[in-house]
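Trainee: I've got a structure open and I'd like to practise reading it. Can we go through it together, one question at a time?

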Number of protein chains: 2
Amino acid sequence: MSPRDQIRKGSTDFVVLSLLVKRPMYGYEISQQLGQRSGGYFEMKEGLLYPALHHMQEKGWLTTEWRKVEGRRRKYYALTKMGLEVLDQQAAEWKTFLEKLDGLLQANDVWTG
Amino acid sequence: MSPRDQIRKGSTDFVVLSLLVKRPMYGYEISQQLGQRSGGYFEMKEGLLYPALHHMQEKGWLTTEWRKVEGRRRKYYALTKMGLEVLDQQAAEWKTFLEKLDGLLQANDVWTG
DNA sequence: TTCCAAGCATAAGTAACTTAGGTATATCTA
DNA sequence: TAGATATACCTAAGTTACTTATGCTTGGAA
């Protein structure tokens with residue numbers, strides 16, 4: 001189980017949104033948490049993370065707040081109501097996608113080899 | 001459960017390879033099968049399918065053969081040994097990815113809402 | 001004979017990801 | 001106290017992948 005270069009394509013927004021359900025986080029923290037909570041598997045570099053955060057903020061899914069903690073400036077991102085709705089919708093879409101994918105693979109004996 | 005615009009990003013190669021395990025297929029057939037086997041959910045348009053087939057052929061995952069059936073020319077694609085290995089590897093990667101994703105989502109109560 | 005389905009393909013535009021940098025401050029260590 | 005490392009933000013250039021739109025050919029049906 002080697003770590004991926006980065007997170008799987010197309011899952012970036014979904015994964016970031018899901019992390020922010022419990023509490024707001026700042027960018028650096030998000031990238032750390034992602035690694036820690038997946039046993040080092042997920043690795044989301046800054047070149048992908050920060051642009052993603054910015055575009056989600058522009059779409060109104062996230063709000064930002066600068067805070068100073070332990071002498072460091074951090075930009076905290078929090079889910080908006082719309083962001084939560086988008087997350088729920090994406091979760092539903094992923095679920096459906098995975099069901100369909102599973103059906104396809106089962107029919108072709110791909111999972112079992 | 002509305003159909004997606006097209007297949008989920010990043011899953012194109014995997015899905016196409018998995019279809020070809022049982023038997024060779026031609027492009028048009030692949031796109032039809034994909035729709036039928038997913039209850040109309042997966043929809044893979046030609047602008048994505050044909051380039052994908054070409055690049056997998058270039059990489060040696062697929063071989064091609066023109067056949068004439070019912071007066072129509074069809075370009076059949078078949079899995080090579082390498083293609084099968086790639087498929088197995090991608091299946092393993094997807095499995096791991098889904099486990100990690102699931103762990104992340106469970107921890108944040110995303111699946112259950 | 002006109003239209004639609006079957007069957008192939010590519011080109012232009014956009015979105016997403018990778019790689020590679022750049023800045024600044026705090027803390028640890030030689 | 002200088003230098004390395006970790007924290008913390010950001011962007012730009014290049015590449016890959018997807019979307020949209022279009023074009024060509026043949027066969028069968030209305």
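Trainee: Okay, where in chain A does A:Thr80 lie?

Mentor: Keep in mind that we're looking at a predicted model. Strand 3 of chain A covers 72-79, and helix 4 of chain A covers 81-107. A:Thr80 sits in the loop between strand 3 and helix 4.

Trainee: Is A:Thr80 buried or exposed?

Mentor: Look at its relative accessible area, which is 18%. The cut-off for buried is under 20%. So A:Thr80 counts as buried.

Trainee: Which backbone oxygen does the side chain of A:Thr80 reach?

Mentor: Start with the contacts of A:Thr80, leaving aside neighbours within four places in sequence: A:Gly60, A:Trp61, A:Leu62 and A:Thr63. One of these offers its backbone oxygen to the side chain of A:Thr80, at 2.6 Å. That oxygen belongs to A:Gly60.

Trainee: A:Thr63 was in that list too. Is A:Thr63 buried, partly exposed or exposed?

Mentor: A:Thr63 is in strand 2 of chain A, residues 62-69. Its relative accessibility is 42%, and the class between 20% and 50% is partly exposed. So A:Thr63 is partly exposed.

Trainee: And which residues does A:Thr63 touch?

Mentor: Skip residues up to four places away in sequence, as that's how this list is made. A:Thr80 turns up here, just as A:Thr63 turned up among the contacts of A:Thr80. The full answer is A:Tyr76, A:Tyr77, A:Ala78 and A:Thr80.

Trainee: How far apart in space are A:Thr63 and A:Gly83?

Mentor: Along the sequence, A:Thr63 and A:Gly83 are 20 residues apart. In space, go from C-alpha to C-alpha, and the distance is 9.4 Å.

Trainee: Now for the two chains. How much area do chain A and chain B bury between them?

Mentor: The size of an interface is often given as the accessible area lost when the parts come together. Here 34 residues from chain A and 34 residues from chain B take part in the contact. Of the buried area, 70% is on carbon and sulfur atoms. The total that chain A and chain B bury is about 3400 Å².

Trainee: Which residue of chain A forms a salt bridge with B:Asp109?

Mentor: There are two salt bridges between chain A and chain B. In the one with B:Asp109, the closest N and O atoms are 3.0 Å apart. The partner is A:Lys22.

Trainee: Which helix gives the largest share of the side of chain A that touches chain B?

Mentor: Helix 1, helix 2 and helix 4 of chain A each supply at least two residues to that side. The largest share is 13 residues, and it comes from helix 4.

Definitions and conventions: Residues are numbered from 1 along each chain as its sequence is written. Chains are lettered from A and ligands numbered from 1 in the order in which they are written. This is a predicted model: local features need pLDDT of at least 70, side-chain atom pairs count only at pLDDT 80 or more; totals for chains, interfaces and linings use all residues. Side-chain values use heavy atoms; hydrogens and water are left out. Contact means heavy atoms within 4.5 Å. Buried area is the accessible area (1.4 Å probe) that two parts lose on being put together, summed over both. A salt bridge is a side-chain nitrogen of Lys or Arg within 4 Å of a carboxyl oxygen of Asp or Glu. Helices (H or I, at least four residues) and strands (E, at least two) are DSSP runs, numbered from the N terminus. Buried means under 20% relative accessible area, exposed over 50%, partly exposed in between (1.4 Å probe, protein chains only). A polar contact is a pair of N or O atoms within 3.5 Å; within protein, one must be able to donate a hydrogen and the other to accept it, and residues adjacent in sequence count only if both atoms are side-chain atoms.
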